[in-house]
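The following exercises concern helix packing and the surroundings of one loop residue. Please examine the sequence and the structure before reading the solutions.

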Amino acid sequence: MSTTDAAPAAEQSPDLEFFWDPVCPFAWITSRWVEKVIAQTGYSVDWRFISLRVLNRHRDYATEFPPGYEQGHTAGLRMLRVAAKVRAELGRDVMGPLYDAMGQHYWEMPKGSGLRDRIGTAEHTAEALATAGLPTEYAFAVDDDSWDAEISAETELALSRTGRDVGTPIITFEPPDGLSFFGPVISRVPSDEQAVPLWNAVIELARFPGFAELKRSLRESPQLNVLGTLTDAPEMEDWEAGSRKAHKPS
């Protein structure tokens, strides 16, 4: 297995390190923004791992999260096992395409696709691997918990840079010495014209060593096809500790 905190083999000094979990909607939306920035600026990105299941392992899912979150977070860990095996054997350059394919087979699917019972299975993950042009036999790593130590170590690395009261995504700007932050959390993907100006504003904040947080819990529903929330007039929701407050157990 790879050394968690080593510099990427393909890119010794990436412009960004982006820590992602495949089942985090905000990580997916932010990653689509980052891809637009990459296309217009030539940024290099090392796509690294953070597991919501690992991050929340000490929390009581039954009382602190809406129904289904434990299943979803576990599915994300299973998919990250596959990504870890792929990275170890094929290199870091394929992580972007693999993340993109995993998102296509989840977040870009229409609402009612029956994904709740399929996500994180070998069958579902094989579909994403095929879309990414990668061998589908890697899908069987969903059950290989020997990769959990590496995923946990990479999660801990991200948290060591930001502190623990955060979620996903986590981005390190100008690694290894640049600052790291949870987010930027956005609910919709910026247009091509908006992408770089918005990113430049974030960079200015990230480069200021005294900057700590800019946050609100009231936000738009994540604009995602699988949630059925793509609309010109999105509903506003109150979020608390990584999930919609109104959906938590009372």
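Two exercises with worked solutions follow.

The model is predicted, so local features need pLDDT of at least 70 and side-chain atom pairs count only at pLDDT 80 or more, while totals for chains, interfaces and linings use all residues. Residues are numbered from 1 along each chain as its sequence is written, and side-chain values use heavy atoms, with hydrogens and water left out.

**Exercise 1.** Determine how helix 4 and helix 5 pack.

*Solution.* Step 1: helix 4 spans residues 69-90 and helix 5 residues 95-104 (helices are DSSP runs of H or I, at least four residues, numbered from the N terminus). Step 2: their axes lie 11 Å apart, at an angle of about 155 degrees (axes are lines fitted to C-alpha atoms over the stretch in contact, and angles run from 0 to 180 degrees between N-to-C directions). Step 3: helix 4 is therefore roughly antiparallel to helix 5 (angles over 145 degrees). Step 4: Met79, Ala83, Val86 and Arg87 of helix 4 meet Met95, Leu98 and Met102 of helix 5 (contact means heavy atoms within 4.5 Å).

**Exercise 2.** Describe the surroundings of Ser146.

*Solution.* Step 1: Ser146 is found in the loop between helix 6 (122-131) and helix 7 (148-162). Step 2: because its relative accessibility is 38%, Ser146 counts as partly exposed (between 20% and 50% relative accessible area, with a 1.4 Å probe and protein chains only). Step 3: the C-alpha atoms of Ser146 and Arg81 are separated by 8.4 Å, although these residues are 65 residues apart along the chain.

Definitions and conventions: Helix = DSSP H or I, 4+ residues; strand = E, 2+ residues; numbered from the N terminus. Parallel < 35°, antiparallel > 145°, perpendicular 65-115°, else oblique.
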